[in-house]
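Here are a few quick notes to read alongside the model. Have the picture open as you go through them.

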Protein chains: 2
Amino acid sequence: MRLSKLADYATVLMCRMAARPELTYSASQLAGEAGLPPPTVAKLMKLLARAGLLTSLRGGRGGYLLARGPEAISLADVIRAVDGPPGLIECSIHPGRCSLEGGCGIRANWGVVNAAVIQALRDVSLEQMNGGPAAMAGLRRLRD
Amino acid sequence: MRLSKLADYATVLMCRMAARPELTYSASQLAGEAGLPPPTVAKLMKLLARAGLLTSLRGGRGGYLLARGPEAISLADVIRAVDGPPGLIECSIHPGRCSLEGGCGIRANWGVVNAAVIQALRDVSLEQMNGGPAAMAGLRRLRD
DNA sequence: CGCATATGAGACCGAATCGGTCCTGTATAG
DNA sequence: CTATACAGGACCGATTCGGTCTCATATGCG
């Protein structure tokens, strides 16, 4: 149930950008800073831009820029842009594709679990990820 | 970030068994009832037994039996048995394997998110999955 | 005793997905 | 008009995943 590496990288890149939301970043610059292969970073930036999380500026001195404030972009947004809709189970995303749908009586309750996990990812912003542990206090109550 | 199909199947099988925890089930019988290929079910049962979630009885009239009560087996247990340790990110499971570990400042906070998701899966038992929506009330507060 | 049943362990394979690269086109700054 | 930088998409190798099969072992029953 792990995140894909690409989605993981994307969160790292987005958080770096969120630390200085007013700057524009080129893909190659970010790749150098983060220690990731430039072509891979370029691909990710395109995905993030197409999803509306980044604004792209073409031409010389162009680059990427956060489309919204770091407090208004969630982990769920980033994951969805790279990996598609987040979710633990198939049938909550592509209904009708599961051959068991008739018999299994747990689909509805899986949906509840699924929604809870997604909501947790939606509740964490890039700003919080860049902050200290205190910034994550809201999530801690999930562990009580 | 989806669960593997095998892990998904395993939850279905385990919940079927949890509905009648006193019975023993053979792999082929369960496969027939659930509409899954017998060899695949057999493989899953072995994994679940090795993880200590099922007790196996060999020989004629043998089969599998829940090792504990349905209220004492969680989704996290089942997932771990099939897919290995649950977790969204690599570096919280295999520290030292991520090349970015030096620079990325979000590892600690990812750990918090990760722990929250795992805890959510640990908090749901097979018994709850078999119950009505009311049985999941504990999880709903994650969405508030 | 001996056979049928059922699990234990693990090798094995095809297919799909994933991580990563490259090429061509387009827009903008200087 | 040239260098820079994004847009789109094709492409490929490697890994993982879903699924099957074989052989060994243990038990119940006739």
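The points below go through the protein surface around each DNA strand.

1. A caution to start with: this is a predicted model, and the distances below are computed from it.

2. Begin with DNA strand C, which has 23 residues around it. The closest come from both chains: Lys5(A), Leu6(A) and Lys43(A), plus Ser56(B) and Tyr64(B). Sugar and phosphate make up 66% of the strand C atoms that come within 4 Å of the protein.

3. Now for the polar contacts to strand C. The side chain of Arg58(A) puts an N or O atom 2.8 Å from a base oxygen, and the side chain of Lys46(B) has one 3.1 Å from a base nitrogen. Ala27(B) uses a backbone N or O atom instead, 2.9 Å from a phosphate oxygen. Two or more residues of this surface come from each of helix H1 (5-19) and helix H3 (38-50) of chain A, and strand S1 (54-57) and strand S2 (63-66) of chain B.

4. Over to DNA strand D, again with 23 residues around it. Here the closest are Ser56(A), Tyr64(A), Lys5(B), Leu6(B) and Arg58(B).

5. Which groups of strand D do the side chains of Tyr64(A) and Arg58(B) approach? Tyr64(A) has a side-chain N or O atom 2.6 Å from a phosphate oxygen, while a polar side-chain atom of Arg58(B) sits 2.6 Å from a base oxygen. For strand D, chain A gives two or more residues from each of strands S1 and S2, and chain B does so from helices H1 and H3.

6. By class, the surface near strand D has eight nonpolar, ten polar and five charged residues.

Conventions: Residues are numbered from 1 along each chain as its sequence is written. Chains are lettered from A and ligands numbered from 1 in the order in which they are written. This is a predicted model: local features need pLDDT of at least 70, side-chain atom pairs count only at pLDDT 80 or more; totals for chains, interfaces and linings use all residues. Side-chain values use heavy atoms; hydrogens and water are left out. A residue is near a molecule or strand if one of its heavy atoms lies within 4 Å of it. A polar contact is a pair of N or O atoms within 3.5 Å; within protein, one must be able to donate a hydrogen and the other to accept it, and residues adjacent in sequence count only if both atoms are side-chain atoms. Helices (H or I, at least four residues) and strands (E, at least two) are DSSP runs, numbered from the N terminus. Ala, Val, Leu, Ile, Met, Phe, Trp, Tyr, Cys and Pro count as nonpolar, Asp, Glu, Lys and Arg as charged, and the others, Gly among them, as polar.
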